[in-house]
Amino acid sequence: MALPKLLIRFLPPAILLLSGGLFYSAYQQIQLTERQAYQESKRNLQIAEEIVDSQLNSAISKLYMLANVQGQQAIYELGQAILDKHIAYTDIMLVARDGSGYLSINDRKHHPMPNADLSWLAVNQLTQPFWLSSIYQTHAGRWAFALKYQNDQHKDSDIWVQFDLQFTASRLESLKTLSNGYLFIVEEKSGLVVIHPDSTRIGTRSVSYQSGVADRVAKGESAGQHEYYYKSQFKVTEFDLNEQTGWVYVSGTDRQEILAASYQFTLAGIVLLVLVLSGTARSYLLSQLNQELKMLSTQRDLNGFKQALKSLFDRFVYHQGLAFCIYDSHHHQFQSLDYHGNLLNVIQDKGLAAKLRRRPIRFLTPSSADKVARAQKLTRRHYVIPLSGSESLLGVIYLQTTLPLPYTLLCTIQRYCEVSLCNLFLEQKLKSKDVMTQLDNKLTIREKINEHLTLPHAYFALLDIDHFKHINDVHGHQCGDKVIIQTAQLMERCFPKPGTISLARYGGEEFCILFTANNEHDAYDQCELLRQRIEQSPLLIKEQSVPYTVSIGITQIRDSQHITIGRADKALYQAKGLGRNQVVLNTFK
């Protein structure tokens, strides 16, 4: 199937392109919504100005009618009829020009003037008979503004039509930009709110107007777009100065609402981008993990393997300590490594090794720790990571950590460690073992003699198969090989570990034994037993018995491996000189 190959090649760029397309669509949607917001704000300003202008024009016509009525009673009747028909007017007043008070058509009583320093703006610049007041608070506590008519027919008084601002605001509350926008009106000179969706704001100073719009109007701008920051929100507005009323109309919305129009595109783009970044991060982690795991396979000894393993866990997981143990399947011994790479016995437990090999990775508490963990003095929660080969347990990793770790990561490390450790053991075996007999080779036995030079009661024996060339010439090389293999097997039976340090094939028909004995007599007796077993164990091949014997030279190890091997070789030479099939102990100092 080509699907995995296609996914690996085309899925990441496809997701990246789709993410880019979604972000571009989100940007275009933001631009479109922002243009729509400005257009709706501008239209709302026009509608609001038309509503206010229509109210003023209607009031002007009513003032003309009142000015042309003769007699106070007729003014009362006409004024009351106008008030009954138009709820936008709270009162029609006959205001004395000397400022002494006014006569209310609504209740037909005299009242003092409103407690406000009113400013007036001519509504009609040509004849200037009509004037619009600044906003003020009535005796009833409601905010209002007035339109007055100065007529020469009424020399002592002017006629005022008083407008209720809350009613006017209710006419404009449906004018919203987008879904949650707003429209408010401010007096240019005073900065007081004339109309606002929140009626409690009427008559207060507008902070929004002072956030840049007032400065632009003061500089001569009569209309424009403006952005400002208010109550943790960015505002997008259109403003327009109505010179006839001296009011500044402001309409807009929060930028957050504009951005909300693109949330679906943005969210989808972010999700896809997160997928791309997650894939990139995963690829980076896998690349770094592979580099660290590769370091395991380049190690040539167990100490280097342990250091590379510690470096791997230090880099990729948080932990409080690591313990690495090797399992010797021949002696069923768990062994740890000291700082110098020397193997130290921990415990001997064949059953535990069998259980660990069958079990997966586990996360245990100190109370449920196994024998090896307790011997290693692990006091925290820890992972037990067994490393198994094809036939037996290779080792085990104990990783102390407080919190659980990704199981997949641990499994990956486990599998790679198993392969690397198998390769390391195989390489060491090829370097240290004889291929035919699986005994130690010449190089290994020399190293072990050097390692045990100071060991008391350690002895070294050289063994040579008597007349081996004759066996090859008479019975063939295949028979000679079987003689070598049988000799190795008999050596392993007569010199079992741990008393035996090393059994080696020194080369050709020569073998070596590095072992411990109580004294020289004990060393001699052990080798004599081997000689007798070999003499009594002829090789059976094709129903034919092929008897053979060996000669053995023994010496106690001392000084150096060269001197030790030389002394054993002299003893072997002496055994051959005495007629072969003998054991000779070199006792010369």
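**Notes on the predicted model**

1. Let me start with the surface. The protein chain exposes an accessible area of about 31300 Å², and carbon and sulfur atoms supply 53% of that. Please keep in mind while reading that this is a predicted model.

2. The overall shape deserves a look next. For a compact globule of 589 residues one would expect a radius of gyration near 25 Å, whereas the protein chain has 53 Å. Along the principal axes, the C-alpha atoms fill a box of roughly 165 × 50 × 40 Å.

3. On secondary structure and packing: the chain contains 15 helices and 26 strands. Buried residues make up 47% of the 589. Among contacts with a separation of 6 or more, 57% join residues that are 24 or more positions apart.

4. A word on charge. The chain carries 61 positive and 56 negative charges, and the mean positions of the two sets are 9 Å apart. The structure also holds 16 salt bridges, and the next points walk through some of them.

5. One of the pairs is R142 with D164, whose closest N and O atoms are 2.8 Å apart. R142 sits in the loop between β6 (136–137) and β7 (143–149) while D164 belongs to strand β8 (residues 157–164), so this bridge ties together parts that are 22 residues apart in sequence. The two ends differ in exposure: R142 is partly exposed at 36% relative accessibility, whereas D164 is buried at 7%.

6. A helix-to-helix example comes from R315 and E292, whose side chains meet in a salt bridge at 3.1 Å, N to O. Because R315 lies in helix α7 (residues 302–316) and E292 in helix α6 (residues 263–297), the pair ties together parts that are 23 residues apart in sequence. Here R315 counts as partly exposed, with 42% relative accessibility, and E292 is buried, with 13%.

7. D440 and K448 form another salt bridge, with an N to O distance of 3.2 Å. D440 is buried, its relative accessibility being 4%. K448, with a relative accessible area of 22%, is partly exposed, since the buried class ends at 20%. Elsewhere, E34, E227 and R255 are joined into one network by salt bridges that share partners.

8. Which backbone angle might catch your eye at H457? This residue is not a glycine, yet has a positive phi of about 60°. Most residues other than glycine have a negative phi, so the angle is worth a glance in the viewer. H457 is placed in the loop between α11 (442–451) and β20 (458–465), and is partly exposed with a relative accessible area of 42%.

9. H467 also has a positive phi, about 50°, without being a glycine. You will find H467 in the loop between β20 and α12.

10. That brings us to helix α12 (residues 468–475), where N472 has its place. Is N472 buried or exposed? N472 has a relative accessible area of 13% and is therefore buried, the limit for that class being under 20%. Leaving aside residues up to four places away in sequence, N472 touches H477 and G480.

Terms used:
Residues numbered from 1 in each chain as written. Predicted model: local features only at pLDDT ≥ 70, side-chain atom pairs only at ≥ 80, totals over all residues. Heavy atoms only, no water. Helix = DSSP H or I, 4+ residues; strand = E, 2+ residues; numbered from the N terminus. Buried < 20%, exposed > 50% of the residue type's maximum accessible area, 1.4 Å probe, protein only. Contact = heavy atoms within 4.5 Å. Rg over C-alpha atoms; globule rule 2.2 N^0.38 Å. Areas by Shrake-Rupley, 256 points an atom, 1.4 Å probe, with all protein chains shown as cover. Lys, Arg positive; Asp, Glu negative; His and termini not counted. Charge placed at Lys NZ, Arg CZ, Asp CG, Glu CD. Salt bridge = Lys/Arg side-chain N within 4 Å of Asp/Glu carboxyl O.
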